[in-house]
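Work through the three exercises below with the structure open. Each task is followed by its solution.

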Amino acid sequence: MPIHHAVLALLSRRPNHGYELKARFEETIGPQWGGLNIGHLYQILERLVRDGYVSRSQVAQTDRPDKTLYTLTPAGETELHTWATTPWVRVGGFRDELFLKLLGAVSVGPEALSTFVESQRQTYLSELAGLGQQRRAHSGEPLVAVLIDAAIAHTKADLGLLDSAARHLGPLAATHGEQAPERPASATRERGDADGHDGAAGGRAESA
C-alpha cells in the first residue's frame with residue numbers, strides 16, 4: 001500500500017486534514033507522480049483510521065464547519081518504520097506497453113518496426129528535454145529531484161532498449177513480412193460464390 005504509507009510519512013511530521021495532506025503530497029512528490037484524488041485520499045484515511053494507524057478528531061472553527069484532523073498513532077509510527085526500512089520488491093513481472101507495441105510492429109513487418117522505433121526514439125528524446133527542464137525547475141527540492149532523476153534514467157534506459165529491439169527483432173520482423181497474409185474465409189466464400197454464379201451464367205449463354 002505505497003500511498004497509504006506515504007500518508008503515514010506525511011502525518012509523522014504533524015497532524016493534518018485531508019486537503020492539507022493532498023497539497024503536501026503533491027508538493028513533496030512533485031509533477032512526475034501526478035495529482036492525488038481527494039476522494040481516494042479520504043478512502044485511504046478511513047482505512048488507516050480503521051486499522052488503528054491514524055486517529056481522527058474534530059477541530060471547531062468559528063466561521064466554517066468543523067475540521068477533521070488526522071494524527072499518526074503509535075501503531076502507525078511502528079508500521080511506517082517497518083515499511084520505510086524494508087526493501088521494495090517488484091511483484092507481478094515487468095509490464096510496459098512498449099513491449100506490446102514492439103509485438104505489433106514485428107507482426108506487421110520490418111518497415112513497421114523501423115517506423116515505430118524511430119518515432120518512439122523521437123518521443124523519448126522529447127521527454128528527456130522536458131524532464132531536463134523540470135529538473136532545473138526543482139533543483140532546490142531534493143525529493144522531487146530524485147523522482148525526476150529516476151524518470152530521466154528510466155527514459156535513457158528505454159532509449160537503449162530501442163537499439164537492442166531494432167537489432168534483435170529485425171530478423172523476426174523480416175520473417176513476418178515475407179509471409180503473405182491469408183485471405184479471410186468469408187472473402188474466399190464470397191469469391192467462390194461469385195465465380196460459380198458467373199460460370200452458370202456463361203454456361204447458359206453458351207447453350208443459348
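**Exercise 1: a loop histidine**

His 17 sits in the loop that links helix 1 and helix 2. The model is predicted. Task: decide whether His 17 is buried or exposed, and find which residues His 17 is in contact with, leaving aside neighbours within four places in sequence.

Step 1. The relative accessible area of His 17 is 16%. Buried means under 20%. His 17 is therefore buried.

Step 2. Beyond four places in sequence, His 17 is in contact with Lys 67, Thr 68, Leu 69 and Tyr 70.

**Exercise 2: the nonpolar cores**

Task: find which residues have the most contacts inside the largest nonpolar core, and which elements each supply at least two residues of this core.

Step 1. The largest nonpolar core has 19 residues. Val 7, Leu 8, Leu 11, Leu 21, Phe 25, Leu 48 and Val 54 have the most contacts inside it.

Step 2. At least two residues each come from helix 1 (2–11), helix 2 (18–29), helix 3 (38–50) and strand 2 (67–72). Helix 1 gives the largest share, six residues.

Step 3. Take Leu 11. Not counting residues up to four places away in sequence, Leu 11 touches Asn 16, Leu 21, Val 54, Tyr 70 and Leu 72.

Step 4. A second, separate core has 18 residues, including Ala 105, Val 117, Val 144 and Ile 152.

**Exercise 3: a helix pair**

Task: state how helix 5 (residues 97–108) and helix 6 (residues 110–137) pack.

Step 1. Their angle is about 150°, and their axes are 7 Å apart.

Step 2. Angles over 145 degrees count as roughly antiparallel. Helix 5 and helix 6 are therefore roughly antiparallel.

Step 3. The residues of this contact are nine nonpolar, one polar and one charged.

Note on methods. Residues numbered from 1 in each chain as written. Predicted model: local features only at pLDDT ≥ 70, side-chain atom pairs only at ≥ 80, totals over all residues. Heavy atoms only, no water. Core = buried A, V, L, I, M, F, W, Y, C linked by side-chain atoms within 4.5 Å. Buried < 20%, exposed > 50% of the residue type's maximum accessible area, 1.4 Å probe, protein only. Helix = DSSP H or I, 4+ residues; strand = E, 2+ residues; numbered from the N terminus. Contact = heavy atoms within 4.5 Å. Axes fitted to C-alpha atoms, helices over the stretch in contact; angles between N-to-C directions. Parallel < 35°, antiparallel > 145°, perpendicular 65-115°, else oblique. Nonpolar A, V, L, I, M, F, W, Y, C, P; charged D, E, K, R; others polar.
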